[in-house]
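Open the model in your viewer, set it to a cartoon with side chains available on demand, and follow the stops below in order. Each stop says what to select and what is to be found there.

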Amino acid sequence: DHKPIAVLFMDIDDFKTINDSLGHAAGDQLLAEVGERLRTTLRAADTAARLGGDEFAILLDLEDEGEGVQAADVADRVMQMLEDPFTLEGKEVFVRASVGIAVAEGDEAIQSEEILRNADVAMYMAKERGKGRYQVFEPEMHDTALKRLEMKADLQRALEHEEFVLFYQPVIELDTGRVSGVEALIRW
């Protein structure tokens, strides 16, 4: 109905480590506790949902607020609510998350899949820039994600067609001229 909205896409950083070290029951307990903390952090007009694994989406109604500012404020609150430790299997566990933010103005014709994808792309950019942070989606991020996908496909094809060549290069100590090791290099 042409209201401004924002979607926050949240992924718990290093969640696999919790599952691997404390077990899946502890991981499930963490997800439930994160969900409960989200519920108490958000306004009644906002909606949070677990998408699967350790991913959550948050839908913000921005009708009465400044779009980007409010979404970033909510992302800050989400990060702060994770600062308090969780107790899992009798151990104190600290959790961080990466959050991507995508905003749709009221007059934009944007599909739900597109805004969720944009928030997901922004979340991956946040992870790439150091985890435990949020990132607002910018259109060039989509281009970067497409280029990364194309590069991955090119690399896979090059591997299948045996286009990589292995070279060994000596590492030489400049003072003595002695070979102290070898680098392995792959050239395409």
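Begin by selecting helix H4 and showing its side chains: Ile-115, Asn-118, Ala-119, Val-121, Ala-122, Met-123, Met-125, Ala-126 and Lys-127 are buried in H4, where buried means under 20% relative accessible area, exposed over 50% and partly exposed in between, computed with a 1.4 Å probe on protein chains only. Helices (H or I, at least four residues) and strands (E, at least two) are DSSP runs, numbered from the N terminus. This is a predicted model, in which local features need pLDDT of at least 70 and side-chain atom pairs count only at pLDDT 80 or more, while totals for chains, interfaces and linings use all residues. Residues are numbered from 1 along each chain as its sequence is written, and side-chain values use heavy atoms, with hydrogens and water left out.

Stay with H4 and add its surroundings: the cover over its buried residues includes S1, S6, S7 and H5, contact being taken as heavy atoms within 4.5 Å. The 17 residues of H4 should span 24 Å at 1.5 Å a residue, and the end C-alpha atoms are 24 Å apart, which agrees; the expected span is 1.5 Å times one less than the number of residues. Just after H4, select Gly-130, which takes a positive phi of about 130 degrees.

Next, select Glu-128, which is found in helix H4 (residues 112-128) and counts as exposed because its relative accessibility is 52%. Which side chain does Glu-128 join in a polar contact? The partner is Arg-148, at 2.5 Å, a polar contact being a pair of N or O atoms within 3.5 Å, of which, within protein, one must be able to donate a hydrogen and the other to accept it, with residues adjacent in sequence counting only if both atoms are side-chain atoms. Add Ser-98 as well: it lies 30 residues from Glu-128 along the chain, and their C-alpha atoms are separated by 9.5 Å.

Now display the sheet, an open one of 5 strands in the order S2-S3-S1-S6-S7 with mixed pairing; two strands pair if DSSP finds at least two bridges between them. S2 and strand S7 (134-136) stand at the edges, each with a single partner strand, so one side of each is left without a neighbour in the sheet. From one strand to the next the twist averages 20 degrees, with axes fitted as lines to C-alpha atoms, for helices over the stretch in contact, and angles running from 0 to 180 degrees between N-to-C directions. H4 packs on this sheet, touching S1, S2, S3, S6 and S7, and its direction makes about 145 degrees with that of S6. H2 lies across S1, S2 and S3, running at about 10 degrees to S3.

Within the sheet, select S1 and S3, which pair in the antiparallel sense over 7 bridges, and note Met-10 opposite Phe-56 in S3. Strand S2 (residues 47-52) and S3 also run antiparallel and are joined by 5 bridges; here Ala-48 stands opposite Ile-58 and Arg-50 opposite Phe-56. The hairpin of S2 and S3 has 2 residues between the strands, and Gly-53 there takes a positive phi near 55 degrees.

At the S7 edge, is Gln-135 buried or exposed? Gln-135, found in strand S7, counts as buried because its relative accessibility is 10%. Leaving aside residues up to four places away in sequence, Gln-135 touches Val-99, Gly-100, Ile-101, Ala-122, Met-125, Ala-126, Arg-129 and Met-141.

For the interior, select Leu-8, Met-10, Leu-30, Val-34, Leu-38 and Leu-60, which touch the most other members among the 30 residues of the largest nonpolar core; such a core is a set of buried Ala, Val, Leu, Ile, Met, Phe, Trp, Tyr and Cys residues joined through side-chain atoms within 4.5 Å. The largest share of this core, 6 residues, comes from H3. A second, separate core of 12 residues includes Val-7, Ala-119, Met-123 and Met-141.

Finish at Glu-162, in the loop between H5 and strand S8 (165-172), which has a positive phi of about 55 degrees although it is not a glycine. Glu-162 counts as exposed, because its relative accessibility is 70%.
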